[in-house]
Amino acid sequence: MVVSEFKPGEMVVYPTHGVAEMVSVEHRELAGTKAQFYVLKIVESGLKVMVPVKNAGTVGIRNLVSKEEIDEIYEMLKSREVPRDNQTWNRRSREYEEKINTGSLYEIAELVRDLRVLGARKELSFGEKRVLAKAKKRMVKEISTVKKLADDVATVEVDTIFADIPLKVPPS
């Protein structure tokens, strides 16, 4: 029998959906095999997801980052040294989605920072703006959950870090 690593009521990160509440651990029988499942409720969407306990590591379910790690992430966000990327949009878009879907707050924060710095150099495309919004929302949700802040307060904290690099907007 597999021992459950996560406990009901605990907040975790489900990589492809973001912050989730561990609702319960249930025993189910599928195709004649008994298994334990984590029942997760995705905070952002309310979606309920069942993940076999034995596959939780493979899926990438993880604990939230610590407050100390958020401080490290904020320091990383302050860096303005980002590599220039000359790849096609299709390749960049795929890489952006892969970074978001890792569930790693470090990867997501790096993506937010890189797109914000790029957005100060040139107007972001529609796709880049969409990816930036998705990544920032995912990042803010984990930060606000860890720090026990409202999402809008965590958003202000993040936006303050980027106050020195306003996004380029098209001329009116």
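These legends go with several close-up views of a predicted model.

**Figure 1. The whole chain, with its 6 helices and 5 strands.** Before zooming in, here is the overall layout. Starting at the N terminus, the elements come in the order β-β-β-β-α-β-α-α-α-α-α. The C-alpha trace spans about 60 × 35 × 30 Å along its principal axes. Of the 172 residues in the protein, 40% are buried. Among contacts with a separation of 6 or more, 56% are between residues 24 or more positions apart.

**Figure 2. Helix H3 packed on helix H5.** Two packed helices are described by the angle between their axes and the distance between the axes. Here H3 (residues 89-102) and H5 (residues 126-147) meet at an angle of about 10°, and their axes are 11 Å apart. Angles under 35 degrees count as roughly parallel, so H3 is roughly parallel to H5. On the H3 side, the contact uses Trp89, Arg92, Tyr96, Glu97, Ile100 and Asn101. H5 brings Gly127, Glu128, Arg130, Val131, Lys134, Ala135 and Arg138. Sort the residues of this contact by type and you get 5 nonpolar, 2 polar and 6 charged.

**Figure 3. A salt bridge between H3 and H5, made by Glu97 and Arg130.** Side chains of opposite charge can pair when their charged atoms come close. For Arg130 and Glu97, the N to O distance is 3.7 Å. Arg130 sits in helix H5 and Glu97 in helix H3, so this pair links distant parts of the chain, 33 residues apart. How buried or exposed are the two partners? Arg130 has a relative accessible area of 40%, which means it is partly exposed. Glu97 comes in at 19%, and because buried means under 20%, Glu97 counts as buried. Another group to look for is Arg92, Lys122 and Glu128, which are linked in a network of salt bridges.

**Figure 4. Arg80 paired with Asp164.** This is one of the 15 salt bridges counted in the model. The closest N and O atoms of Arg80 and Asp164 are 2.7 Å apart. Arg80 lies in the loop between helix H2 (67-77) and H3, while Asp164 is in the segment after helix H6 (151-161), so the pair ties together parts 84 residues apart in sequence. Arg80 is partly exposed, at 23% relative accessibility.

**Figure 5. Glu110 of H4 reaching Lys99 of H3.** The closest N and O atoms in this salt bridge are 2.6 Å apart. Glu110 belongs to helix H4 (residues 105-121) and Lys99 to helix H3, and the pair links distant parts of the chain, 11 residues apart. Both ends count as partly exposed: Glu110 has 27% relative accessibility, and Lys99 has 21%.

**Figure 6. Helix H4, largely enclosed by the rest of the structure.** What puts H4 in that position? Of its 17 residues, 12 are buried, so the rest of the structure largely encloses H4. Among the buried ones are Leu105, Ile108, Ala109, Leu111, Val112 and Leu115, along with the charged residues Arg113, Asp114 and Arg116. The buried residues of H4 pack against strand E5 (62-63) and helices H2, H3, H5 and H6. At 1.5 Å a residue, H4 should span 24 Å, and its end C-alpha atoms are indeed 24 Å apart.

**Figure 7. Val140, a buried residue in helix H5.** Val140 has a relative accessibility of 4%, so it counts as buried. Which residues does Val140 touch, leaving aside those up to four places away in sequence? They are Asp151, Ala154, Thr155 and Val158. Pro166 is 26 residues from Val140 along the chain, and the C-alpha atoms of the two are separated by 19 Å.

**Figure 8. Two loop residues with positive phi, Ala31 and Lys148.** Most residues other than glycine have a negative phi. Ala31 has a phi near 50° and lies in the loop between strand E2 (18-30) and strand E3 (33-42). Ala31 is exposed, at 86% relative accessibility. Lys148 has a phi near 55° and is found in the loop between H5 and H6. Lys148 also counts as exposed, with a relative accessibility of 73%.

Note on methods. Residues numbered from 1 in each chain as written. Predicted model: local features only at pLDDT ≥ 70, side-chain atom pairs only at ≥ 80, totals over all residues. Heavy atoms only, no water. Axes fitted to C-alpha atoms, helices over the stretch in contact; angles between N-to-C directions. Helix = DSSP H or I, 4+ residues; strand = E, 2+ residues; numbered from the N terminus. Parallel < 35°, antiparallel > 145°, perpendicular 65-115°, else oblique. Contact = heavy atoms within 4.5 Å. Salt bridge = Lys/Arg side-chain N within 4 Å of Asp/Glu carboxyl O. Buried < 20%, exposed > 50% of the residue type's maximum accessible area, 1.4 Å probe, protein only. Expected span 1.5 Å × (residues − 1).
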